[in-house]
Amino acid sequence: MNISYNWLKEYLNIDLDPEIVSQTLTSIGLEVESVEKSEQVKGGLEGLIIGKVLTCAKHPNADKLSITTVDTGTGEPLHIVCGAPNVAAGQKVVVAPVGTTLFKGNESLTLQKVKIRGELSEGMICAEDEIGLGTSHDGIIVLDDSVPVGIPAKQYYNIETDTVFVIGLTPNRIDSASHYGVARDLAAYLNQNGNYQLTKPGTEGFSQDNNDFPVEVIIENPKACNRYTGISITRVTITPSPDWLQKRLLAIGLNPINNVVDITNFILHELGQPLHAFDADKLRGRKIIVKNMPAGTKFTTLDGQEHELSPEDLMICDGERPVAMAGIFGGLESGITDATRNVFLESAYFNPVSVRRTSKRHGINTDSSFRFERGADPTITILALKRAAMLIRQTAGGKISSAVIDTHPNPVEACKVEISYHNVDRLIGKKIDRDHIKKILLLLEFEILKESESGLLLLVPPYRVDVTREADVVEEILRIYGYNNIEISETLHSSVSYTEKPDPEKLINVISDYLSNNGFYEIMCNSLGKSDYYNNLNSYPAENLVQIVNPLSSDLDSMRQTLLFGGLESIAHNINRKNPDLMLYEFGNCYFYNPNAKGNDPLSAYSEYRHLALFLTGKKNPPHWQEKEKPMQLYTLKGFVEIIFSRLGYTANQISTSAIENKNDIFSQGLSITINNLIMAEYGMVAPSILKRFDIKSEVFYANLYWDRIFKNLKGHTVTFTELPKYPEVKRDLSMILDKSVTYEQIRKLAFATEKKLLKQVNLFDFYEGDRIEKGKKSYAVSFVLQDNQKTLVDKEIDQVMDRLMKAYEKELKAQIRKQAN
């Protein structure tokens with residue numbers, strides 16, 4: 001939101017340095033993101049002065065140049081070579097002396113003393129295009145002879161330089177979404193110890209000229225439109241706005257349109273009340289009906305876009321058709337044009353929820369909807385209406401041709417809040433003088449209904465829609481009193497707390513540190529996502545989605561069931577920006593709806609669980625002359641997953657790994673980890689059909705760890721410390737032919753069941769299926785790591801273990817042992 005300092009001064013008599021004002025606004029909760037200089041003319045005509053041409057003679061060395069002497073009121077006349085055909089002695093002109101900087105677009109030129117065709121030139125006599133006052137270059141600007149010599153050009157042209165505060169307005173502070181609103185807050189802060197006059201925009205001089213154009217107003221949906229006021233203005237003339245109005249709008253980044261539309265924008269940014277001007281002659285039946293239209297009704301907005309209405313959209317209609325989206329956007333057929341002669345002006349209060357839903361449904365965001373969505377002031381509609389009518393009459397002529405129409409079916413009651421001085425002191429951390437508290441509240445336009453030694457009963461001003469509780473009032477007191485005025489206490493209060501073991505946050509930090517230290521980047525994706533991602537998925541059925549009743553857009557219409565799609569969106573975003581080699585992880589919640597849930601509690605159908613997701617794609621290492629590029633592989637991801645479980649205290653023989661079934665539509669190939677017959681993690685290569693949705697052409701490896709299950713299992717899991725082994729380990733390899741139905745997990749489990757003492761690790765390091773072995777068979781090469789913690793193993797003991805393993809495989813798995821390697 002842009003706030004013009006010059007405009008602000010119309011309501012508050014201050015002349016403080018803009019930097020001080022910026023700091024003050026930030027300190028009271030209106031954060032100034034930047035302070036910008038606004039100039040009506042680039043450069044502000046700085047350095048240009050009014051001069052008089054004393055002499056003018058032909059240049060001896062150039063037919064189209066003249067040599068002049070110009071009096072600028074500074075003593076010695078300036079010698080200036082001029083190429084304009086209309087220069088003559090006795091003219092009053094605009095002069096740019098040496099050292100002046102002239103601007104043309106984004107380019108600038110600083111004048112220097114130079115010789116032109118052998119003659120000295122000490123400046124420039126300016127044309128209007130050379131100083132930004134127009135586009136003509138036919139000749140120099142010739143001023144009226146009465147203009148004094150030596151005055152600055154910016155003074156003659158009344159060029160206004162302004163400072164604009166760019167405020168990052170928080171959603172709860174819609175009361176300050178206007179120049180008067182900011183002035184009101186600023187005055188409350190400054191008047192704690194000062195006397196700055198705050199002047200509210202008034203309607204003195206408002207009067208009804210006649211009753212030639214009455215309009216009937218009917219509200220059919222009072223819940224969505226609590227108040228509707230209007231007035232008719234006839235015989236207006238649509239012209240460009242006067243300079244003062246254009247300056248105000250241009251300073252805050254708005255382009256002037258015409259005098260009537262510009263007045264509605266002016267009032268919006270002055271008082272914060274959105275207005276809408278209709279061409280009254282286009283209102284059929286001279287009626288305004290506030291109602292909802294049937295589903296499928298077509299409506300074309302001012303920008304020429306056609307919209308299909310929902311029955312929930314509140315519309316402003318005339319006697320036959322919709323003419324505006326209530327609080328959002330006007331219609332094309334009833335807008336103000338150069339031919340408009342009669343105007344009907346609207347000032348209303350619309351329900352924030354109704355406006356927001358319609359705005360999001362149609363993807364229309366306007367200055368009007370921005371304010372109505374957050375809660376406008378229902379008591380300011382008539383003030384804004386009368387002030388706008390007066391200004392339209394002033395700038396466009398015409399007559400006020402109806403009484404103020406005010407339809408107000410359900411007046412809004414102001415909120416009452418009771419505060420306790422004890423709670424004020426407790427929440428602020430300092431005892432503030434009671435009279436000072438009351439002064440702050442009165443400056444903020446709170447009304448004190450009742451006062452006692454222990455506290456106050458307050459009537460909250462209606463424009464403060466965010467103040468409904470005692471804590472809200474305390475926040476108001478504190479921000480005006482000043483956060484920096486609260487001393488830091490020398491006393492530290494603490495309590496002994498007990499954290500249940502294992503500490504969930506500590507575990508997350510341990511794993512996050514491990515992943516970050518190994519090249520991963522943490523991502524945080526939106527919990528809202530696109531429901532279309534779940535169409536035709538067996539792993540995450542669309543029927544289990546938690547749908548958003550009033551989504552911001554179709555891309556954010558459901559709660560995520562998996563972290564996969566957010567991660568793939570991040571990967572696609574990075575790949576499109578030439579960053580294809582990625583290692584990402586995310587801790588996040590996933591949400592589920594069970595349509596078959598039974599019971600009286602509707603919340604029982606909903607559940608949420610925390611997951612950890614890992615993503616690998618691209619190359620494992622950057623290009624290097626000593627090392628070949630290596631792509632990410634499934635086994636790269638497998639290593640990270642297994643180390644995570646190791647860091648959590650699980651040993652290899654406590655977890656089981658098995659292949660994921662082909663029917664899984666997330667992975668083209670993958671593995672799952674189970675502990676106590678419960679799946680704790682799934683990981684593998686993401687299926688091409690999934691990647692195609694995100695236009696990702698490279699392989700992506702993804703791991704999904706069920707963090708809540710892992711954490712719950714850890715509560716009953718004991719991590720034991722084992723001293724580092726003093727004796728060496730021994731590795732033996734075994735090659736065997738097996739039926740295709742035999743899994744590696746069966747081999748691993750059987751090995752640990754056969755040798756429980758000396759066997760430490762089992763690893764599959766080679767695999768073969770093909771023509772060189774019997775059909776229906778496969779070849780596995782498995783390594784076994786043996787170690788005795790009490791002594792060094794001898795060949796005899798090793799051979800005995802391997803014999804037992806081979807016999808077990810032959811008996812249980814019908815294996816054909818091919819060879820054994822040391």
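How many aromatic pairs does the structure hold? I looked this up before anything else, and the structure holds 23 of them. A note to myself before going on: this is a predicted model.

**Entry: a stacked pair**

I picked out Trp7 and Phe266, whose rings are stacked, with 4.9 Å from centre to centre and 10° between the planes. I then checked where the two partners sit in the chain. Trp7 belongs to helix α1 (residues 5-8) and Phe266 to helix α6 (residues 259-271), so I had to scroll a while: the pair links distant parts of the chain, 259 residues apart. I also looked up their accessibility, and both Trp7 and Phe266 are buried.

**Entry: an edge-to-face pair**

Why is the pair of Tyr585 and Phe587 edge-to-face? I found their ring centres 6.4 Å apart and their planes at 85°, and planes over 60 degrees apart count as edge-to-face, so the pair gets that label. Tyr585 has 1% relative accessibility and therefore counts as buried. Phe587, at 12% relative accessibility, counts as buried too, because the cut-off is under 20%. I noted that Tyr585 and Phe587 belong to one aromatic cluster, together with Tyr514, Phe520, Phe640 and Trp707.

**Entry: charges over rings**

Next I looked for charged groups over aromatic rings. I found the charged end of Lys9 over the ring of Tyr5, 4.3 Å from the ring centre. I also found Arg286 over the face of Phe213, at 3.8 Å from the centre of that ring.

**Entry: the nonpolar cores**

Which residues have the most contacts inside the largest nonpolar core? My list reads Leu25, Ile167, Ile267, Ile419, Leu441, Val473 and Ile477, in a core of 73 residues. Helix α9 (residues 381-396) gives the most to this core, with eight residues. I followed Leu441 and, leaving out residues up to four places away in sequence, saw that Leu441 touches Ile419, Phe446, Leu456, Leu458, Val473 and Ile477. Apart from the largest core I found another, of 36 residues, including Tyr514, Leu634, Leu648 and Leu714. A reminder for my margin: in soluble globular proteins, nonpolar side chains tend to be buried together.

**Entry: helix α5**

Last, I opened helix α5 (residues 243-251) and asked which of its residues are buried. They are Leu245, Lys247, Arg248, Leu249 and Ala251. Among the elements that cover these buried residues I saw β1 (2-4), α1, β2 (32-39), β13 (161-167) and α6. Just past the helix I checked Gly253, which follows α5 and has a positive phi, near 90°.

Terms used: Residues are numbered from 1 along each chain as its sequence is written. This is a predicted model: local features need pLDDT of at least 70, side-chain atom pairs count only at pLDDT 80 or more; totals for chains, interfaces and linings use all residues. Side-chain values use heavy atoms; hydrogens and water are left out. Rings of Phe, Tyr and Trp (its six-membered ring) pair if their centres lie within 6.5 Å; planes under 30 degrees apart count as stacked, over 60 as edge-to-face and the rest as tilted. Helices (H or I, at least four residues) and strands (E, at least two) are DSSP runs, numbered from the N terminus. Buried means under 20% relative accessible area, exposed over 50%, partly exposed in between (1.4 Å probe, protein chains only). A charge sits over a ring if NZ of Lys or CZ of Arg is within 6 Å of the ring centre and within 35 degrees of the ring normal. A nonpolar core is a set of buried Ala, Val, Leu, Ile, Met, Phe, Trp, Tyr and Cys residues joined through side-chain atoms within 4.5 Å. Contact means heavy atoms within 4.5 Å.
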